[in-house]
Amino acid sequence: MKWNATSVTAICIVMGLGGYMLGKITGDPKMGPEEELLIERSNSISSKGISRETSASDGEHANRRPNRATPSRGASGFDQKLVRMEEIVRGENALDRGRAMLEWIDSLSAEQFESAVDRFRSLGLTEARMGEYAMLLTAWAEVDPVGALAYTTKHTSSGMATNTVLSAWANRDPEAAIAWARSNHQGDEANPYMAGIIRGMAETNPVRATALLQELPFSSERAEALRAMIPHVLKQGSEAAKQWIAELKDDRLRDGAVSRFAEELAKQDPAGTATWLLANMGEASSRSVDDVFREWARQDSNAALGYFSSLPQGEARSNALRGLVIADARNNPQAAAELMNRYPDDITDRTAQHFVWYSFEKAPDVAVKQIAWIKDEGSRNRMYQRALGVWIERDAVAAQRWISSANLPDAVIQGLNDR
């Protein structure tokens with residue numbers, strides 16, 4: 001069977017790259033940048049652990065797999081194929097690589113995929129050529145998902161490869177993929193295989209995917225699965241998305257969904273999204289207020305500021321101010337600083353810290369003045385030392401002039417002298 005290059009590329013992007021690159025993990029409370037990196041999970045499952053039920057189900061669907069050309073049986077013929085694969089993936093033009101890789105994959109027989117994946121991984125190009133890697137894994141999942149999973153769970157640790165295979169399998173035969181995942185996981189913790197399966201089912205069977213999502217306990221796996229659902233739920237429109245969230249039974253999952261969807265919905269309707277978000281506030285969603293107001297300020301700063309001014313004192317108002325400040329901090333630091341100074345009761349340490357991070361590159365003198373708003377003494381002194389130390393390296397004269405005019409704590413002066 002010859003696959004359409006456009007459709008295969010789309011499948012690989014959604015299933016392969018989606019499993020590898022975890023953007024914000026927002027099914028539950030937001031995590032910091034270091035927690036947003038690829039979640040490493042080592043698996044030690046051999047093909048002996050595959051259940052009879054799954055193997056039988058896979059066999060029932062063998063007639064739906066693509067027929068592939070029978071390659072030359074001589075070892076030299078397959079070796080030449082592997083050489084050709086290396087030539088393809090080392091090419092510079094992405095479109096040429098994709099077309100050639102698709103044609104090359106179509107020439108493989110089922111038993112050759114393991115050696116092909118082995119060779120690909122040995123080239124050390126999996127991150128630089130993630131699209132081609134995902135394409136190869138997806139094709140293997142089409143002809144032998146059980147064998148592909150036996151390989152990925154034994155030889156890979158990031159979860160990308162296993163999730164790619166599971167996503168492709170779930171897209172074609174969801175119940176068989178689910179049976180495999182359940183029979184190859186033990187314990188009460190979240191099943192690490194379900195996120196890939198939910199990704200594969202999110203568009204073709206969203207009801208079943210949602211049910212699987214709600215079975216997962218609070219975990220990074222649930223957060224990843226929620227993230228995979230978002231684009232498919234949003235396709236139904238904003239009101240349908242809000243209804244989908246409202247029907248989630250787990251309070252923590254629902255709150256995480258509000259948080260993540262708010263960032264996307266704000267791009268189309270920031271005013272309506274702000275109202276909806278503030279009416280559905282929780283631990284996670286409260287931290288999305290700044291993202292929504294930041295987006296709103298980008299589109300209509302006067303309207304966003306007017307809405308902020310009408311909010312009562314509290315966490316939501318403070319978070320909204322942070323969003324407004326960040327919206328201006330990089331391009332117009334002075335305006336952002338003046339906004340902070342107009343609403344001193346709503347400034348939090350995070351607002352001041354974010355302002356310094358965003359504005360320092362363009363206006364270090366404006367940035368360091370606002371450090372005084374940080375209430376925690378230790379955090380404030382560390383921010384002074386860090387920012388002023390960098391400023392001294394860039395422009396010692398200007399930095400020393402500002403330091404001489406400022407009434408800095410002795411601990412900051414001593415720290416700078418030691419540095």
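Which residues have the most contacts inside the largest nonpolar core? In this predicted model, they are M101, W104, L136, I197, F261 and L388, and the core to which they belong has 117 residues.

## The chain as a whole

The structure shown above is a predicted model, and its chain has 23 helices and 0 strands. Of the 419 residues in the chain, 52% are buried. When contacts between residues at least 6 apart in sequence are considered, 66% of them join residues that are at least 24 apart.

## The largest nonpolar core

Helix α6, which covers residues 130-143, supplies 10 residues to the core of 117 residues, and this is the largest share of that core. L136 is among the residues with the most contacts inside the core, and, leaving aside its neighbours within four places in sequence, L136 is in contact with M101, W104, I105, L108, F113, A116, V117 and F120. Two of these partners, M101 and W104, are themselves listed among the residues with the most contacts inside the core. As a general background to such a picture, nonpolar side chains tend to be buried together in soluble globular proteins.

## An enclosed helix

How many residues of helix α10 are buried? In this helix, which runs over residues 194-201, 8 of the 8 residues are buried, so α10 is largely enclosed by the rest of the structure. The buried residues are M194, A195, G196, I197, I198, R199, G200 and M201, and one of them, I197, also appears among the residues with the most contacts inside the largest nonpolar core.

## Helices α7 and α8

Helix α7 (residues 145-155) and helix α8 (residues 160-172) have axes that come within 9 Å and cross at roughly 160 degrees. Because an angle over 145 degrees counts as roughly antiparallel, α7 and α8 are roughly antiparallel to each other, and α7 passes α8 in a left-handed crossing. On the side of α7 the contact is made by P145, V146, A148, L149, T152 and T153, while on the side of α8 it is made by A161, T162, V165, L166, W169 and R172. Sorted by type, the residues of this contact are 8 nonpolar, 3 polar and 1 charged.

One residue of this contact can be followed in more detail, namely L149, which lies in helix α7 and is buried, with a relative accessible area of 0%. Leaving aside neighbours within four places in sequence, L149 is in contact with T162, V165, L166, W169 and W180. Although L149 and L166 are 17 residues apart in sequence, their C-alpha atoms are 7.8 Å apart in space.

## Helices α11 and α12

Another pair is formed by helix α11 (residues 206-215) and helix α12 (residues 220-234), which pack at an angle of about 160 degrees with their axes 10 Å apart. That angle makes α11 roughly antiparallel to α12, and the crossing of the two helices is left-handed. The contact is made by P206, A209, T210 and L213 of α11 together with R222, A225, L226 and M229 of α12, and these residues divide into 6 nonpolar, 1 polar and 1 charged.

## A buried lysine

Is K242, a residue of helix α13 (residues 238-246), buried or exposed? With a relative accessible area of 17%, K242 is buried, because the cut-off for that term is under 20%. Leaving aside its neighbours within four places in sequence, K242 is in contact with L265, G272 and W276.

Conventions. Residues are numbered from 1 along each chain as its sequence is written. This is a predicted model: local features need pLDDT of at least 70, side-chain atom pairs count only at pLDDT 80 or more; totals for chains, interfaces and linings use all residues. Side-chain values use heavy atoms; hydrogens and water are left out. A nonpolar core is a set of buried Ala, Val, Leu, Ile, Met, Phe, Trp, Tyr and Cys residues joined through side-chain atoms within 4.5 Å. Buried means under 20% relative accessible area, exposed over 50%, partly exposed in between (1.4 Å probe, protein chains only). Helices (H or I, at least four residues) and strands (E, at least two) are DSSP runs, numbered from the N terminus. Contact means heavy atoms within 4.5 Å. Axes are lines fitted to C-alpha atoms, for helices over the stretch in contact, and angles run from 0 to 180 degrees between N-to-C directions. Angles under 35 degrees count as roughly parallel, over 145 as roughly antiparallel, 65 to 115 as roughly perpendicular and the rest as oblique. A crossing is left-handed if the near helix is turned anticlockwise from the far one by less than a right angle, and right-handed if clockwise. Ala, Val, Leu, Ile, Met, Phe, Trp, Tyr, Cys and Pro count as nonpolar, Asp, Glu, Lys and Arg as charged, and the others, Gly among them, as polar.
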